[in-house]
Amino acid sequence: MKVDFGGAEEILFEQVGCAGIVTLNRPSSLNAVNHGMVRALARALSAWETDDTVKLVIIRGEGRAFSAGGDILDVYKAGLAGEAKPDFFADEYRLNAAIARFPKPYVALIDGIVMGGGVGVSFHGSHRVMTENAIFAMPEVGIGFFPDVGGSFLLSRLPGEFGMYLALTGNRIRRGDACATGLATHAVDAAELPALTQALCEGGDVDATLAACAGTAEREMDDGALHAIASHFSFGTLAEVLQSLGEDQDEWVQKTAATIARRSPTSLHVAFRQVRAGAMLTMDECMHMEFRILNRMLTGHDFYEGIRAVLVEKGSTPHWKPDTLDGVKDEDIDAYFAPLPGKELAL
């Protein structure tokens with residue numbers, strides 16, 4: 001039975017058996033999440049939370065991606081016109097927090113790429129199922145932004161400094177590493193998703209249903225890389241992390257250091273601080289912090305420069321300001337985390 005919560009045809013809702021099913025339906029845009037989709041999903045969750053006939057929620061993507069992120073080109077254009085508005089992000093962050101506190105099983109079936117805003121509507125749920133096609137990344141430092149949508153909470157809780165590694169590099173990982181770090185809860189082959197969905201809709205214990213269908217996924221990273229991550233990314237300052245990486249002549253480590261060197265210096269400083277801080281905060285507190293950062297990002301330079309280089313003029317080189325890590329002053333980073341008098345995020 002189809003249900004209408006808005007969002008036009010870009011996000012579809014239906015109730016099948018005891019499950020509320022959400023389908024991200026923008027395959028030509030790799031299911032990038034826009035403002036209408038965010039608001040529609042928020043309405044659906046609010047309704048399903050109190051609907052006794054809905055025992056669980058399933059979210060999935062149409063086509064070859066789960067969701068490649070948030071649709072931020074409109075935000076980019078508004079900012080260039082001097083009309084930067086955080087409304088889309090405010091609603092998105094409220095949705096992320098609502099998913100994290102949703103009282104019923106929330107099962108994300110992740111088949112294909114999941115990044116940024118796609119992570120926000122999936123990885124805060126109770127069950128994260130990844131197929132052999134799934135690729136996870138939080139690549140925001142490469143576009144002059146920061147790992148938002150609850151990245152502060154999610155990444156800070158991964159073992160062995162893996163979250164800090166993901167935040168500062170923006171590198172992609174597959175399901176074996178995602179399962180090993182707890183990002184994913186289950187590994188299920190793509191061919192099994194229709195049968196799994198049907199079984200979930202028929203009711204019964206969600207954990208038992210997933211366990212019956214799930215398999216194992218071998219870790220992709222070797223022990224040497226994992227040891228290097230745990231060692232080099234454990235320091236208390238960004239400068240110490242980079243110094244440690246620079247002193248290690250291992251080929252993998254040097255490649256990692258070179259990746260970080262291409263990222264926005266401002267974004268690296270912000271991401272380092274937010275991930276360290278996030279470990280001590282609740283999900284709601286992380287969203288308040290991220291909204292403060294977001295508002296400052298929208299009035300800065302690097303976000304618009306990163307979008308220009310990566311998404312508008314694809315493949316061009318971004319010109320960061322400042323263009324070196326030493327050029328970023330402590331007081332500049334402090335300002336990103338400062339309170340927003342009269343403008344704090346309401347959850």
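User: What makes Asp177 and Arg219 a salt bridge in this structure?
Analyst: In this predicted model, the closest N and O atoms of Asp177 and Arg219 are 2.8 Å apart. A salt bridge needs a side-chain nitrogen of Lys or Arg within 4 Å of a carboxyl oxygen of Asp or Glu, so the pair qualifies. The bridge links distant parts of the chain, 42 residues apart: Asp177 sits in helix H7, and Arg219 in the loop between helix H9 (206–213) and helix H10 (223–232).

User: Is Asp177 called buried or exposed, and why?
Analyst: Asp177 has a relative accessible area of 2%. Buried means under 20%, so Asp177 is buried. Its partner Arg219 is at 31%; that lies between the 20% and 50% cut-offs, so Arg219 counts as partly exposed.

User: How do you know that Asp189 and Arg175 form a salt bridge?
Analyst: Their closest N and O atoms are 2.9 Å apart, and the limit is 4 Å. This pair also links distant parts of the chain: Arg175 is in helix H7 (residues 175–181), while Asp189 is in the loop between strand E11 (186–187) and helix H8 (193–201), 14 residues apart. Arg175 counts as buried because its relative accessibility of 13% is under 20%. Asp189, with 39%, falls between 20% and 50% and is therefore partly exposed.

User: How many salt bridges are found in the whole structure?
Analyst: A search finds twelve. Among the residues involved in salt bridges, Glu10, Arg26 and Asp71 are linked in a network. Arg308 and Glu313 meet in a bridge too, at 2.8 Å from N to O. Arg308 is buried because 17% is under the 20% cut-off, whereas Glu313 is partly exposed because 42% lies between 20% and 50%.

User: What makes Leu73, Val310, Leu311 and Val312 a nonpolar patch?
Analyst: They form a patch on the surface with about 270 Å² of accessible area together. Patch members need over 30% relative accessible area. Leu73 has 34%, so it passes that test, and it counts as partly exposed because 34% lies between 20% and 50%. Leu73 lies in helix H2 (residues 73–80), while helix H15 (residues 302–312) supplies three residues, the largest share of the patch.

User: Why are the buried residues of H2 said to line one face of the helix?
Analyst: The buried residues in H2 are Val75, Tyr76 and Gly79. Seen down the axis of H2, they fall within an arc of 100°, so they line one face. As background, an α-helix has 3.6 residues a turn, so residues three or four places apart point the same way. The buried residues of H2 pack against helix H3 (87–101) and H15. Turned away from that buried side is a face with the exposed residues Asp74 and Lys77. Just after H2, Gly82 takes a positive phi of about 75°.

User: What makes the pairing of the Asn171 and Tyr165 side chains a polar contact?
Analyst: The two side chains make their contact at 3.1 Å, and the cut-off for a pair of N or O atoms is 3.5 Å, so the distance fits. Asn171 lies in the loop between helix H6 (162–169) and strand E10 (173–174). Leaving aside neighbours within four places in sequence, Asn171 is in contact with residues including Phe136, Leu166 and Arg263.

Terms used:
Residues are numbered from 1 along each chain as its sequence is written. This is a predicted model: local features need pLDDT of at least 70, side-chain atom pairs count only at pLDDT 80 or more; totals for chains, interfaces and linings use all residues. Side-chain values use heavy atoms; hydrogens and water are left out. Patches are made of residues with over 30% relative accessible area and no salt bridge: like charges are joined within 9 Å, nonpolar side chains (Val, Leu, Ile, Met, Phe, Trp, Tyr) within 5 Å. Accessible areas come from the Shrake-Rupley method with a 1.4 Å probe; for residues, only the protein chains shown count as cover. Helices (H or I, at least four residues) and strands (E, at least two) are DSSP runs, numbered from the N terminus. Buried means under 20% relative accessible area, exposed over 50%, partly exposed in between (1.4 Å probe, protein chains only). A polar contact is a pair of N or O atoms within 3.5 Å; within protein, one must be able to donate a hydrogen and the other to accept it, and residues adjacent in sequence count only if both atoms are side-chain atoms. Contact means heavy atoms within 4.5 Å. The arc is that of the directions from the helix axis to the C-beta atoms.
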